[in-house]
Amino acid sequence: MKKRVLALLLALTMTLALAACGSNGDDGKDKTDAPPVDTQQPAGGDEQSDAPAERKSVKVGLICIGDENDQGYTYNFIRGKEAATEALAASGIDVEWVVKWNIGEDTGCEDANIELAEEGCQLIINNSFGFEPFMLKVAPDYPEIEFIACTNQASWGDDLDNTHNAFANIYEGRYLAGVVAGMKLQQMIDEGTITADQAVIGYVGAFSYAEVISGFTSYYLGAKSVCPSVTMKVQFVGSWSDATEEANAASALADMGCVMISQHSDNTTPATTAQSKGVFHTGYNNDMTSVAPEASLIGTRINWAPYFEYVIGSVANGGSFDQDWCHGMEMNAVVMTDLNEAIAAPGTAEKLAEVEDQLRSGKLQVFDTSTFTIGGEELKNAFALDTDGDFAPDSEEAVFDGAFHESHFQSAPYFALRIDGIEWVNEEWG
């Protein structure tokens, strides 16, 4: 595959930052309220010109599986869009967005990509996993337009220069959310509210894809690090976004004895259901405290603003950008929502800060192989493949230096191992 190289000094700062961590880097950056990454540093030279810089403009298409009112997955993309637009405007780049809402993972997505291309978009972003096959049908016909499939993997190995993938190391945020959940469970054990064997987490999963498995495994490992007796039950709903089924799954898990609910699904109904059932909750994509103040402890989300700034700035300046991009907390690409200290266990904020520092520094590896077993045996070596072989390079081994290195060889998650302590209530879905 032909790799593209950034050609302008205007994008040099971000290029060096990414290169320092390898092709997909394991760095992240700051907390939710930190300033976005400045991907457009001034060109070199000591002399400053008093002449105003010429403003640039970019037309960007965004294809969304939902809309801005879902308070979950698509809403989170819109937050990134708005933050990036503001930051780019301040640096002299104006963005004209053309957004397609509520597009299905079907031929309607292909039509949406064609429509945006014909409308003159220079960059087209597809925000859902199932959009990529339809995007790839269109991209070869418009080689002058850059196409991005978020949360996907095909550009890692295709032969098209104008296709790209992007993800974030969300497993870092899920691990931290698990620490918050585990501290609450341990508090309940210590206070006699539950027994050690009743520290059971219920997890609402969309599909049994590597992305979801990676997420709930990292969450479980975070909880286990502070509550050793914890176990987990996962129920899949067969959809990324089905508010009713997500609520039903959360309700069923609570009825099975789960006293903590979490989710890899797009809606707030697991949070509201947890509150109605009198159990606790941690969220995804959004701060769900507003809808479940008595249940929701914290959430984690991908912050798309740094990536949007990077790619749009590159296009505006006539440069190119990575075909496969993945970063985490040190790049501000993964952030936590506010901790609900009214219901969190004492000391949670301090513990959260401590663990986050360890993740940023690399001192703590989320998938440290000494912290979990498979069939009672410690994982010694594993290839970065799911059962279909679709998610990772066939030739690369994911386990080295005592840890499974998720999203190291490509941006899309490829952790698909079923570890001890996690029960799948319903079998593979998807």
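Which residue in β3 is the bridge partner of G61? Keep that in mind while you get your bearings. What you have open is a predicted model, a protein chain with ten helices and 17 strands. Of its 430 residues, 58% count as buried. Among contacts with a separation of 6 or more, 70% are between residues 24 or more positions apart.

**Stop 1: strand β3**

Select residues 123-126, which make up β3. Then add residues 56-63, strand β1. The two strands run parallel and pair over four bridges. Show G61 and look across into β3: its bridge partner there is I124, which settles the opening question.

Now bring in residues 146-150, strand β4. This pairing with β3 is parallel too, again over four bridges. To find the register, pick L123, whose bridge partner in β4 is E146. To see how the chain gets from β3 to β4, select helix α4, residues 132-138. The path goes through that helix, and the β-α-β crossover is right-handed.

Before leaving β3, turn on its side chains. Are its two faces covered or open? Both are covered. L123 and I125 sit on one side, I124 and N126 on the other, and all four are buried.

**Stop 2: the cores**

Keep I125 selected and add L185, F216, M232, Y307, F308 and I312. These residues have the most contacts inside the largest nonpolar core, a set of 96 residues. Which helix gives this core its largest share? Select residues 170-190: that is α5, and twelve of the core residues come from it. In soluble globular proteins, nonpolar side chains tend to be buried together.

Zoom in on Y307 next. Leaving out residues up to four places away in sequence, it touches I148, H164, N165, A166, F321 and W325. I148 is a handy landmark, as you already have β4 (residues 146-150) on screen.

There is another core apart from the largest one, with 19 residues. To find it, select I103, C109, F131 and F134, which are among its members.

**Stop 3: the loop after β4**

Follow the chain out of β4 into the loop that leads to β5 (163-168), and select T151. Its phi is near 65°, a positive value in a residue other than glycine. Is T151 buried or exposed? T151 counts as buried because its relative accessibility, 6%, is under the 20% cut-off.

Further along this loop is D158. At 14% relative accessibility, D158 also counts as buried. Try a distance from D158 to L136: they are 22 residues apart along the chain, and their C-alpha atoms are separated by 9.7 Å. L136 belongs to the stretch you selected as α4, residues 132-138.

**Stop 4: the largest cavity**

Go back to T151 and add Y73, S128, F129, E211, W240, H264, D266 and Y284. What do these residues line? They line the largest cavity, which has a volume of about 90 Å³. The structure holds five cavities of 30 Å³ or more.

**Stop 5: S407**

For the final stop, jump to the loop between β16 (403-404) and β17 (422-424) and select S407. Here again phi is positive in a residue other than glycine, near 55°. S407 is buried, with a relative accessible area of 1%.

Terms used
Residues are numbered from 1 along each chain as its sequence is written. This is a predicted model: local features need pLDDT of at least 70, side-chain atom pairs count only at pLDDT 80 or more; totals for chains, interfaces and linings use all residues. Side-chain values use heavy atoms; hydrogens and water are left out. Buried means under 20% relative accessible area, exposed over 50%, partly exposed in between (1.4 Å probe, protein chains only). Two strands pair if DSSP finds at least two bridges between them. A crossover is right-handed if, with the strands pointing away from the viewer, the path from the first strand over the helix to the second runs clockwise. A nonpolar core is a set of buried Ala, Val, Leu, Ile, Met, Phe, Trp, Tyr and Cys residues joined through side-chain atoms within 4.5 Å. Contact means heavy atoms within 4.5 Å. On a 1 Å grid over the protein atoms alone, a cavity is a set of points where a 1.4 Å probe fits but cannot get out, and a pocket is an open set with protein on both sides within 12 Å along at least five of seven lines; lining residues have an atom within 4 Å of a point. Grid points are joined across faces, edges and corners, and a volume is the space filled by probe spheres set on the points.
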